[in-house]
Amino acid sequence: RCGFDRRQYSRYAVNWLASIMHKSGGDGEIFHDNLDDISMGGAGIYSDTDIYSEKSLVMLIETPLPSSYGKTSKIITGIECGLCKPVFLEERQQFRTGVQFLRFHGIDKHLLAEALFTQHKAASRRNQEAAAGVHI
């Protein structure tokens with residue numbers, strides 16, 4: 001599932017909250033961490049513990065979406081996922097785990113796409129303004 005880099009989508013640097021839990025629910029642990037980067041196909045997450053599991057998992061992401069009057073609202077996006085083997089990074093003293101998205105719930109794929117599109121537009125605008133010497 002995660003052997004080599006097969007990315008089909010652009011990745012975006014983010015700092016979004018996420019929770020990962022076993023799909024079956026039950027007494028399984030719930031891990032709360034921040035996403036480091038995300039695309040329509042997966043995400044990267046840093047954590048203090050090894051969160052690897054071969055079982056089916058669900059990731060819930062606090063996804064920012066633009067709302068009226070230029071403000072941002074947040075919704076919870078649910079995605080069935082699988083984890084790649086984590087790597088321990090000495091310099092950060094944390095595990096880096098790749099997350100592969102397998103199936104989106106309801107309209108969550110469209111909501112995530114909108115959030116990434118908005119994220120990309122905002123980053124592009126900031127880069128253009130910085131290149132032009134405009135301070136935000």
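This short presentation describes the strands, the aromatic pairs and a few individual residues of one chain.

Good morning, colleagues. The structure before you is a predicted model, and every value I quote has been computed from it.

Let me begin with the chain as a whole. There are 136 residues, and 37% of them count as buried. The secondary structure consists of seven strands and one helix. In order from the N terminus, the arrangement reads β-β-β-β-β-β-β-α, with the helix following the strands. The accessible surface amounts to about 8,600 Å², and carbon and sulfur atoms contribute 51% of that area. As for the contacts, if one takes those with a separation of 6 or more, 57% join residues that are 24 or more positions apart.

I turn now to the pairing of the strands, where I shall take β7 as the point of reference. Strand β7 covers residues 94-104, and six bridges connect it with β3, residues 42-47, in an antiparallel arrangement. Within that pairing, G44 of the chain faces G98 in β7. Strand β5, residues 72-83, is also antiparallel to β7, and here there are five bridges. Two positions illustrate the contact between these strands: C81 has F101 as its bridge partner in β7, and I79 stands opposite F104 in β7. A further antiparallel partner of β7 is β6, residues 87-89, joined to it by three bridges. There V87 is placed opposite R96 of β7.

Strand β5 has another neighbour to report. Ten bridges link it to β4, residues 57-66, and the two strands are again antiparallel. In this pairing, S73 in β5 is the bridge partner of L65.

The connection between β6 and β7 deserves a closer look. It is a hairpin with four residues between the strands. Which residue in this hairpin takes a positive phi? The residue is Q93, with phi near 55°. Q93 is not a glycine, and yet its phi is positive. Its place is in the loop between β6 and β7, and Q93 is partly exposed, with a relative accessible area of 47%.

Next, the aromatic residues. How many aromatic pairs does a search of the whole structure find? The search finds two. One is formed by F88 and F95, with 5.1 Å between the centres and 65° between the planes. Why is this pair classed as edge-to-face? The planes are 65° apart, and an angle over 60 degrees counts as edge-to-face, so the pair falls in that class. As to burial, F88 is partly exposed at 35% relative accessible area, whereas F95 counts as buried at 19%.

The other pair joins F101 and F104, likewise edge-to-face, at 5.9 Å centre to centre and 75° between the planes. Here F101 is buried, with 9% relative accessibility, and F104 is buried as well, with 17%. Both residues have appeared already: F101 as the bridge partner of C81, and F104 as the residue opposite I79.

One further ring should be mentioned, that of Y46. R92 lies over its face, at 3.5 Å from the ring centre. R96 also lies over the face of Y46, at 5.3 Å from the ring centre. This is the R96 that stands opposite V87 in the pairing described earlier.

I close with V99, a residue of strand β7. Is V99 buried or exposed? V99 is buried, with a relative accessible area of 3%; the residue falls in that class because buried means under 20%. Which residues does V99 touch beyond its neighbours within four places in sequence? They are G41, G42, A43, I45, M59, C81, G82 and L83. One of these, A43, is 56 residues away from V99 along the chain, while the two C-alpha atoms are separated by 5.0 Å. Another, C81, is the bridge partner of F101.

Thank you for your attention.

Conventions: Residues numbered from 1 in each chain as written. Predicted model: local features only at pLDDT ≥ 70, side-chain atom pairs only at ≥ 80, totals over all residues. Heavy atoms only, no water. Buried < 20%, exposed > 50% of the residue type's maximum accessible area, 1.4 Å probe, protein only. Contact = heavy atoms within 4.5 Å. Areas by Shrake-Rupley, 256 points an atom, 1.4 Å probe, with all protein chains shown as cover. Pairing = 2+ DSSP bridges. Phe/Tyr/Trp six-rings, centres within 6.5 Å; stacked < 30°, edge-to-face > 60°. Lys NZ or Arg CZ within 6 Å of the ring centre and 35° of its normal.
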